[in-house]
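Let's take a walk through a protein together. Have a look at the sequence and the 3D view, and then we'll go through what sits inside and which charged side chains pair up.

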Amino acid sequence: EGDGAAPAVFSVGSAPTPTRMPLLQLLNYIDGRPVASRSTARTEVVDPATGEAYASAPDSGEADVDAAMTAALAAFNSFKRTTPSQRQGFLLKIASAIEAHADELARLECKNCGKPFLLTLDEEIAAAVDQIRFFAGAARQLEGRAAGEYMEGLLSMIVREPVGVCAAVTPWNYPLMMAVWKWAPALAAGNTVVLKPSDTTPVSTLRMAELMGAILPSGVFNVVCGRRETGRLLVEHAVPSLVSITGSVRAGREVAASAAPLLKRVHLELGGKAPVVVFADADLETAAADIAVAAYFNAGQDCTAATRVVVEAAAYETMVALLAREAEQNTKLGSATTMDSEGVLVGPLNSRAQLERVKGFFDRLPPHARVVAGGRPAGGRGFFFEPSVVAGLRQEDEMVQEEIFGPVITVQPFADEAAA
């Protein structure tokens, strides 16, 4: 590790042309090694900051999912017998390996998502390392409990056992960190994992898998790339005992329905529409500055982004003006060439499709809405959208009811606390 060698999950293919660099050819990671997909279908992976493809990932099919599940099940038969201290040791070593490769993983995550480099290094990679260490500690806190005696002369005890193989599907907004949230607790409890990253952001997860593979027994952690159909194959496969997904409400409903026939355990982390309530006696300038950071971080692509602001009527117009000032003057929007610059808060949206989705909300705005800041793509290369503030909205309006997942703050007035 750390010798600077090119990771094996990447290989160079697609001969360069005068206008196109060769694409990195990504491989699945199954049973402790990089594995070429048995499917010939592939998807291009695009850098959101430039709009240019830089990698090609497998669109894995049933044979690939079968191979990963077979490896995970075989590994579970021995991994479930490891002691808490052994599992803690594995996780602590993985945390140290990720920490040692922090700069590399941050660069890959920025290429994955178009994120600002310094924020990604400090706020995501460091947090992921800390979270792995947390679950390493939790591995030794699992305990059974003595229960009430149900029959004379017999001892009743609750014994916690690993569930089995866990199938996980992660989103594109925090690919590496969301993967950690799934595999770290699963491994701490003695389970094995087959994980599918988003088809637009598989790179950092594959590199992390390779670092983990140098530490874990083969088959304990597997990564299968693909699109929605690959995710469906994971969820509906007979092997997993638990399915975990982070995604939209629509996706959550589909996963729950797919898992129901085999009564699989389901863990769903779905969308949000986080409100911020501002009363007239608040420090409005401080509130506006803090709300802007909480709303525009990760370009608003966060299920807890503070993008729905409701303000007491007496302070409403003042707060609208302060939020507009934050968006236009105090929030630094990146560009294709400035994502490494200090102070950049807002990067691009994840994809052209996401850019068009956010733009569509503005195209459909009702006449009574007021765009007081932003409201349009930033122009130039990449999928950047201006930090935006929209006032004059009503509770039933689409922007208020639906998760936008972009750098857009909506502001509504309220008369009193009960109405808020």
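We'll begin with the nonpolar cores and then turn to the salt bridges. Keep in mind that what you're looking at is a predicted model.

Start on the inside. The largest nonpolar core is made up of 52 residues. If you want to find the ones with the most contacts inside that core, look for Leu91, Trp183, Leu187 and Phe221. Which helix gives the most to this core? That would be helix 5, which covers residues 175-188 and puts in 8 residues.

Now zoom in on Trp183. Who does Trp183 touch, if we skip its neighbours within four places in sequence? Its contacts are Leu91, Ile94, Ile132, Val193, Met208, Met212 and Phe221. Two of those names, Leu91 and Phe221, should ring a bell, since they are also listed among the residues with the most contacts inside the core.

That isn't the whole story of the interior, though. There is a second core, separate from the one above, with 47 residues. Among them are Ala127, Val311, Tyr316 and Val408.

On to the charged side chains. Side chains of opposite charge can pair when their charged atoms come close. In this model, the count of salt bridges comes to 15.

Take Arg381 and Glu52, whose side chains meet in a salt bridge at 3.3 Å, N to O. Arg381 sits in the loop between strand 16 (370-373) and strand 17 (388-391), while Glu52 belongs to strand 6 (residues 52-58), so this pair ties together parts that are 329 residues apart in sequence. Are these two buried or exposed? Arg381 is partly exposed, with a relative accessible area of 43%, and Glu52 also counts as partly exposed, at 45%.

Compare that with Lys115 and Glu124. Their side chains form a salt bridge too, at 3.1 Å, N to O, but here both residues are buried.

A third pair is Arg376 and Glu386, with a salt bridge of 3.5 Å, N to O. Both residues lie in the loop between strand 16 and strand 17, so the pair ties together parts just 10 residues apart in sequence. Arg376 is partly exposed, with a relative accessible area of 49%. Glu386, on the other hand, has a relative accessible area of 17%, and because buried means under 20%, it falls in the buried group.

Finally, salt bridges can link up beyond a pair here: Glu104, Arg207 and Glu210 are joined in a network of them.

Terms used
Residues numbered from 1 in each chain as written. Predicted model: local features only at pLDDT ≥ 70, side-chain atom pairs only at ≥ 80, totals over all residues. Heavy atoms only, no water. Core = buried A, V, L, I, M, F, W, Y, C linked by side-chain atoms within 4.5 Å. Buried < 20%, exposed > 50% of the residue type's maximum accessible area, 1.4 Å probe, protein only. Helix = DSSP H or I, 4+ residues; strand = E, 2+ residues; numbered from the N terminus. Contact = heavy atoms within 4.5 Å. Salt bridge = Lys/Arg side-chain N within 4 Å of Asp/Glu carboxyl O.
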